[in-house]
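Work through the exercises below with the sequence and the 3D structure open. Try each task before reading its solution.

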Amino acid sequence: MTQSSEPLGVAVVGAGYWGPNLVRNFQASEQFRLRSLVDLDVDRARRVLGGYSTVEATSDYAAVLADPEVAAVAVATPAGTHLDIALAALRAGKHVLVEKPLAATYADGMRLVAEAEERGLTLMCDHTYCYTPAVGRIRDLVHSGELGEVHFVDSVRINLGLVQKDIDVLWDLAPHDLSILDFILPEGVEPVAVAAHGADPIGAGQACIAYLTLTLSTGAIAHVHVNWLSPTKVRTTMVGGSKRTLLWDDLNPLQRVSVYDRGVDMAAPQEIGADERRDMLISYRSGDMVAPAIGEKEALRSMVDEFADSIRTGRAPLTDGRAGLRVLDILEAASRSLQFKGAVVGLRAGR
């Protein structure tokens, strides 16, 4: 816990694809003071910072960790490096933010979580979509009971490329949808098993199309479709409840979230006579559609604020290390399912 109201010193590790976004948001935050940008390619780090920046660009990570003014480290490097970089930061007494996924394996992620908990430090996953206003509203609607009991979740994340060399489409795209699912499900509802099917029709060497089916602890179902080969970009999630159904279309800024009071109602058998029971058990409800107003705020800004608040108060962040572990659990089980042609694989939460 950090009681001081002074800005927290932070270092970003990685000046590649995601690092510059973190740099920009840490610099814009009153809660942090960016002290260093660490990258093996110091010239690249300097280009990210710009010619007039007073922030240090360096490749000397050990020196950054030895700096008492650095309270926190944000890791934006390939997943295979997360364990070593984040573990070193935790052992140096730094709070740590890690780009998704938390680590390359569940075992590595568990080491990070254990280290952070033992030292009383914040370990947070940058599950960026969870900090969008739309997903925040979806979480509120689900947790408040406005949708009723969750019957199904259906998520589609497809576009053309980029085909990765080191990971399949499952590990590239599905962490977004799995982190959102983990974030919005109400207390006591969790995935317990997963089955995955994938294909590599272009000979890329790993799955370019994948379908995940998750069994939830209530018997409900969640489905995720990820695809690198679609000529059109689709980003939708549907949450079907016993009372209402919600549709989130992330590519529609004018109506990102729609709530439909339409669905199927089941009458209790004792409510109707025996002769009518067969025909009248099921009825269809056709009500209004409501599009709640959703404010626009950059997700990374909210994520940075959450990181600072967690450090200052000592509470777990909304997307803590254990949230990252739950996503890794599903990813590893889904990979095993792919190897065994769609076999159902149990999750640690459901064992």
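**Exercise 1. Find what share of the contacts joins residues 24 or more positions apart.**

Step 1. A contact means heavy atoms within 4.5 Å.
Step 2. Take the contacts in the protein with a separation of 6 or more; residues 24 or more positions apart account for 66% of them.

Before going on, note the basis of the values. This is a predicted model, in which local features need pLDDT of at least 70 and side-chain atom pairs count only at pLDDT 80 or more, while totals for chains, interfaces and linings use all residues. Residues are numbered from 1 along each chain as its sequence is written, and side-chain values use heavy atoms, leaving out hydrogens and water.

**Exercise 2. Decide how compact the protein is for its 351 residues.**

Step 1. Count the elements: there are 10 helices and 15 strands. These are DSSP runs, numbered from the N terminus (helices H or I, at least four residues; strands E, at least two).
Step 2. Compare the radius of gyration, 22 Å, with the 20 Å from the globule rule; the two are close, so the protein is as compact as a globular protein of that length. The radius is taken over C-alpha atoms, and the rule is 2.2 Å times the number of residues to the power 0.38.
Step 3. Add the extent of the C-alpha trace along its principal axes, about 80 × 50 × 40 Å.

**Exercise 3. Describe the largest nonpolar core.**

Step 1. Such a core is a set of buried Ala, Val, Leu, Ile, Met, Phe, Trp, Tyr and Cys residues joined through side-chain atoms within 4.5 Å. Buried means under 20% relative accessible area, exposed over 50%, and partly exposed in between (1.4 Å probe, protein chains only).
Step 2. The core has 104 residues, and Leu 22, Phe 26 and Leu 212 touch the most other members. Helix α7 (residues 169-184) gives the most, with 10 residues.
Step 3. Leaving aside residues up to four places away in sequence, Phe 26 touches seven residues by name, among them Val 10, Phe 32 and Phe 307.**Exercise 4. Trace how β9 pairs with β8 and β10.**

Step 1. Two strands pair if DSSP finds at least two bridges between them.
Step 2. β8 (residues 191-199) and β9 (residues 209-216) are antiparallel, over eight bridges. Ala 196 stands opposite Leu 212 in β9.
Step 3. β9 and β10 (residues 221-227) are also antiparallel, over seven bridges; Ile 209 has Asn 227 in β10 as its bridge partner.
Step 4. β9 and β10 form a hairpin with four residues between them, and Gly 219 in the turn has a positive phi of about 95°.
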